[in-house]
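Biologist: Before I plan anything around this protein, I would like to go through its model with you, one point at a time. Could you show it to me first?

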Amino acid sequence: MEESPHIEEGEGERQTKLEVAPALISVHPFQKSVAITVGSDLRVFDLIENHPVSLVDESDGPSHHKDSIRAIRYGASGKLFASAGDDKLVKIWSAVSWQCINTISSEKRVSAVTISRDDSYVCYADKFGVVWVVDLDGINKGKILPSKKGLPLFCHYCSIITSLDFSPDGRYILSADRDFKIRVTVFPKKPLQGAHEIHSFCLGHTEFVTCITFVRNPELTQGYHLMSGSGDSSVRLWDITSGSLLDTCDVSPTVKHLESNESEPTQVTVTDICTLPSSSLTAVSIQSFQGIVLLNCDLSAHTLSITKVIKIPGESFIPTSISFSTSTRLIWMVSGASNGSNHPGYSRVRLISCIETEPPSVLEDEQIPGGTKLLEHLQGKVSIEESVMSAAAEAVRASMCSLLMKKQYSEENREFRKNNRNDKKTTL
């Protein structure tokens, strides 16, 4: 990346800039709805009834999120939806009624969340590297449950966890972190007692891991492999059984047209990966790149290769999050950011269609499901100025560097920071 990973602050210097959270997007597994977040704002649109969804939050604890949402996830069944973030709250929603069924309070800010394949558990990670588990027993009845408390599942030891996911068969829970590693942990039969068996590590990235996802081929003996994106400009393919690195695809040549200092090596960050079920194609979003890159993943040969670059014409649209709709074969993209304040944040939603059978095309606003009604609800307004989106993209880039690139402090400043921590527990 352009900034040096060695950042040193002067004595007593406090961070005055507000943290910026990228806009996120997630599509229902059966395209019944689409959800985006901008800062603390969760916006959902019903794609079946074609109208905005009104969220109802009467659960125990604070109503709705009060700070930036950092992670969202639909359950595999499409019945549940989870949101979590900087307000130290994890909220479980019914993806049918969009009522908040349960609110979980975390001790630290939450950086990642996932739901088990059978909807029995939700797992979330905090910024101190601890993964917590909550039993969702009774939640499928659709009634509001008393506030539940997370129990520690396992820990990455003071490394920010950037992504969590369950394997397609539900046997493993995978966690990626700022310290370049991916951990494959056996998900136990009694997870409330902790997960103590590490199955493997996937080691090879040379910068923070930003995202992980699974690519599947039911025809193969091992029906799935893992893909990961990182700040080291690469997308990697893994065999999680052994932790073996199968192939690496460097996406940095794709963005050589971007302005950069020629005296420094060009390094880019992969911000999101979206696999297409029953297809060899994978969509990749790259920080500061106005479009997406399509990779071909040949699971038989264990290879990754760039097959097509799709640029978004005519505006400053840099995807911060992408998601795939199985039923309509559409890639949903969102661009935007918010500083977590109460001011409404703006986002921009774009879609790409026909990426397998025909040349890919970026849909015009009037062509997307839900049309202008969807855009007005999810974006905040139908038309978003290019200057707003350009500023948001730059803010996200700087914020990700600040959050995930390790900082180095002088001994004197380390002592100051230790003495002025705001998360110390008071003793009675």
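Biologist: Where, in the stretch with four contacts beyond four places in sequence, does pLDDT stay under 50?

Modeller: This is a predicted model, in which local features need pLDDT of at least 70 and side-chain atom pairs count only at pLDDT 80 or more, while totals for chains, interfaces and linings use all residues. Residues are numbered from 1 along each chain as its sequence is written, and side-chain values use heavy atoms, with hydrogens and water left out. With pLDDT being the predictor's confidence in each residue, from 0 to 100, and a contact meaning heavy atoms within 4.5 Å, the stretch that has four such contacts and stays under 50 is residues 258–263.

Biologist: What is the mean pLDDT of the protein chain?

Modeller: Another stretch where pLDDT stays under 50 is residues 1–16, for which the model has 31 contacts beyond four places in sequence. Across the protein chain, 78% of the residues reach 70 or more, and the mean pLDDT is 84.

Biologist: Which strands are the edge strands of the open sheet of four strands?

Modeller: Helices (H or I, at least four residues) and strands (E, at least two) are DSSP runs numbered from the N terminus, and two strands pair if DSSP finds at least two bridges between them. The order in this open sheet is β18-β19-β20-β21, and the pairing is antiparallel. An edge strand pairs on one side only, and here that applies to β18 (209–216) and β21 (244–250).

Biologist: Which residue in β19 is the bridge partner of V215?

Modeller: V215 sits in strand β18, and seven bridges join β18 to the antiparallel strand β19, residues 224–230. The C-alpha atoms of V215 and its partner are 5.5 Å apart, although the two residues are ten places from each other along the chain. The bridge partner is H225.

Biologist: Is V215 buried or exposed?

Modeller: Beyond four places in sequence, V215 touches several residues, among them M227, L237, T275, C297 and L299. Buried means under 20% relative accessible area, exposed over 50% and partly exposed in between (1.4 Å probe, protein chains only). Because its relative accessibility is 4%, V215 counts as buried.

Biologist: Which residue's backbone oxygen does the side chain of S106 reach?

Modeller: S106 is placed in the loop between β9 (100–105) and β10 (110–115), where at 9% relative accessibility it counts as buried. Leaving aside neighbours within four places in sequence, S106 is in contact with K88, Y124 and D126. At 2.7 Å, its side chain reaches the backbone oxygen of K108.

Biologist: How is F180 classed, buried or partly exposed?

Modeller: F180 belongs to the loop between β15 (172–177) and β16 (181–186), and its contacts beyond four places in sequence are H205, T206, E207, F208 and V209. T210 is 30 residues from F180 in sequence, with 9.2 Å between their C-alpha atoms. Since its relative accessible area is 34%, F180 is partly exposed.

Biologist: Why does the salt bridge of D57 with K91 tie together separate parts of the chain, and how many residues apart are they in sequence?

Modeller: A salt bridge is a side-chain nitrogen of Lys or Arg within 4 Å of a carboxyl oxygen of Asp or Glu, and between D57 and K91 the closest N and O atoms are 2.7 Å apart. D57 is buried at 9% relative accessible area, and K91 is buried at 0%. Because D57 lies in the loop between β5 (51–52) and β6 (69–74) while K91 lies in strand β8 (residues 89–94), the pair ties together parts whose separation in sequence is 34 residues.

Biologist: Which residues do salt bridges that share partners join into one network?

Modeller: D365 and R348 form a salt bridge with their closest N and O atoms 3.1 Å apart, and the network is made up of R70, D86 and K127. Within that network, R70 and D86 meet through their side chains at 3.1 Å, N to O, and this pair links strand β6 to the loop between β7 (80–85) and β8, 16 residues apart. R70 counts as buried at 16% relative accessibility, and D86 is buried at 7%. The residues joined are therefore R70, D86 and K127.

Terms used: Polar contact = N/O pair within 3.5 Å; in protein donor to acceptor, adjacent residues only side chain to side chain.
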